[in-house]
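Thank you all for coming; I would like to walk you through one structure this morning, beginning with its cysteines and then moving through a few selected places. Please have the display in view while I talk.

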Amino acid sequence: MDFFNFKGNSLFAEDVEITSLAKEYGTPLYVYSKATLERHLNAFESSFNGKKHLVCFAVKACSNLAILNLMAKLGAGFDVVSEGELRRVIAAGGDPHKVVFSGVGKTYSEIEYALSVGINCLNIESEEEIETVVAAARKLGVVANVALRVNPGVDAKTHPYISTGLKNNKFGITEENAFDLYVKMSKIDCLNISGIDCHIGSQMTSGMPIIEATDKIVALYNKLLSAGIKVDHIDMGGGLGVTYDNETPPTPSEYIAPILERLKSLDVALYLEPGRAMVANASVLLAKVVYQKNNGDKHFVITDTGMNDMIRPALYGSWMTIINSTIHEDIPEVVSDVVGPICESDDFLGKERKLKVKNGDILVVRGAGAYGSSMASTYNSRRLPCEVLVDKDKSYVIKKRQTFEDIWKDECIIK
Ligand code: LLP
């Protein structure tokens, strides 16, 4: 559930009219609802039934400092995949002791930085990375908390680009190798074996793959315990899907309950790394209709918002729901492709949508909060979109619209 609802013929974000936000801040505009963010984090936090846990918000889904700050104030931890994300969390007031660090290509300096700020756990993804962690820990004279990211060979049944738990994906260490590597790590004095980690994919709309993965991780936990290696947490990653169209994913509590069931007799904390389920429906992207035209059979609604502002439809062929923020009763519905101004034919927000649109209308791309602004670019030298957070009847700028000079400020002309 979110807090973007119609009052009469006009869409509101909490108590603020969408068209008034577009007028005040311009478009393209990401609009976040604070109440929705709080509701989603609470939905996770209240689903653990007393089990020790850490909800690590996946920063890559939405990395705006204000959003991270809100999450940190509500007690969340974070999942990061780069030094930049870790520095963002710290800049936003997050606690590095509640941060886990995943990623197949962590460099020595990233690992050293993470250890120097007291990261909760490094999720190691290859045998060679172990050596890098050891070198950094020795240099700093610290003991590194580590987990192996295990690739359990489970099909998340999602888009191939966001499926990560199969043997042909680059992520993690195979089940077969994990046990031996844990034994190897247990003999190294500067490593503390803290957990077992796993993330099998994103936008999972059925609970079955995560249950299959949990069973495999629990089997590894038990095998390690028999070998005298005791971990203190199991991290089942992110991946819970959301409704973009007519998907019916489990709720956080429905998703977490069977994992808890399998962990109930184990003396471990459960970590999760949700990104999308936390933020997707907490934001909408506003696009203003600039022109309309017919090319043969097709009707195009041309907006000022393109694939650089929201790349998901172009990159994954993702369906994003598009509605008009104003309901018109006096014009006919037209089947339209909603496109942007970018010079690429895959620059679309949605295809073949039934819409009643007048020029100047503010269209609303729903479910835009996850992998929306965090994947935006300045392609075609377009400025990154402005972002606002709505809290009841107030709105706050949480990212200023760039100036044109911002776009090229780091470029240098050779004298
Ligand atoms: N943990 C790890 C290690 C991950 O790689 C990811 C996402 C997550 C957690 C969070 O997954 P979530 O709860 O958001 O599903 N750009 C794509 C999604 C890429 C996901 C990458 N990894 C999209 O727009 O659909």
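Let me begin with the disulfides, of which this structure holds 0, and I should say straight away that what we are looking at is a predicted model. Take Cys 198 as an example: the closest cysteine sulfur to its own is that of Cys 121, and at 13 Å this is too far for a bond, given that a disulfide requires the two sulfur atoms to lie within 2.5 Å. Are Cys 198 and Cys 343 buried or exposed? Cys 198 counts as buried because its relative accessibility is 0%, whereas Cys 343, at 67%, counts as exposed.

Turning now to the N-terminal part of the chain, helix α1 spans residues 18–25, and within this helix Ile 18, Leu 21, Ala 22 and Tyr 25 are buried. These four residues cover an arc of only 100° around the axis, and they therefore sit on the same side of α1. Lys 23 and Glu 24, on the other side of α1, are exposed. After the helix comes Gly 26, which has a positive phi, near 80°.

Next, I would like to look at Thr 214, whose place is in helix α8, residues 208–226. Thr 214 counts as buried because its relative accessibility is 0%. Which residues is Thr 214 in contact with, if we leave aside its neighbours within four places in sequence? They are Met 236, Ile 259, Arg 262 and Leu 263.

Finally, let me come to an annotation. An unreviewed UniProt entry places the feature "binding site" at Gly 239, Glu 273, Pro 274, Gly 275, Arg 276 and Tyr 371, and I will take two of these positions in turn.

Pro 274 lies in the loop that runs between β13, residues 269–272, and α10, residues 276–279. With a relative accessible area of 4%, Pro 274 is buried, and, not counting residues up to four places away in sequence, Pro 274 touches Phe 44, Val 55, Cys 56, Phe 57, Ala 58, Gly 237 and Gly 238.

Arg 276, for its part, is found in helix α10, and this residue is buried, with a relative accessible area of 4%. Where does the side chain of Arg 276 make a polar contact? Its partner is the side chain of Tyr 244, at 2.9 Å.

That is where I will stop, and I am happy to go back to any of these places.

Terms used
Residues are numbered from 1 along each chain as its sequence is written. This is a predicted model: local features need pLDDT of at least 70, side-chain atom pairs count only at pLDDT 80 or more; totals for chains, interfaces and linings use all residues. Side-chain values use heavy atoms; hydrogens and water are left out. Helices (H or I, at least four residues) and strands (E, at least two) are DSSP runs, numbered from the N terminus. Buried means under 20% relative accessible area, exposed over 50%, partly exposed in between (1.4 Å probe, protein chains only). Contact means heavy atoms within 4.5 Å. UniProt positions are given in the numbering used here, feature names are shortened, and annotations may be inferred rather than shown by experiment. A polar contact is a pair of N or O atoms within 3.5 Å; within protein, one must be able to donate a hydrogen and the other to accept it, and residues adjacent in sequence count only if both atoms are side-chain atoms. The arc is that of the directions from the helix axis to the C-beta atoms.
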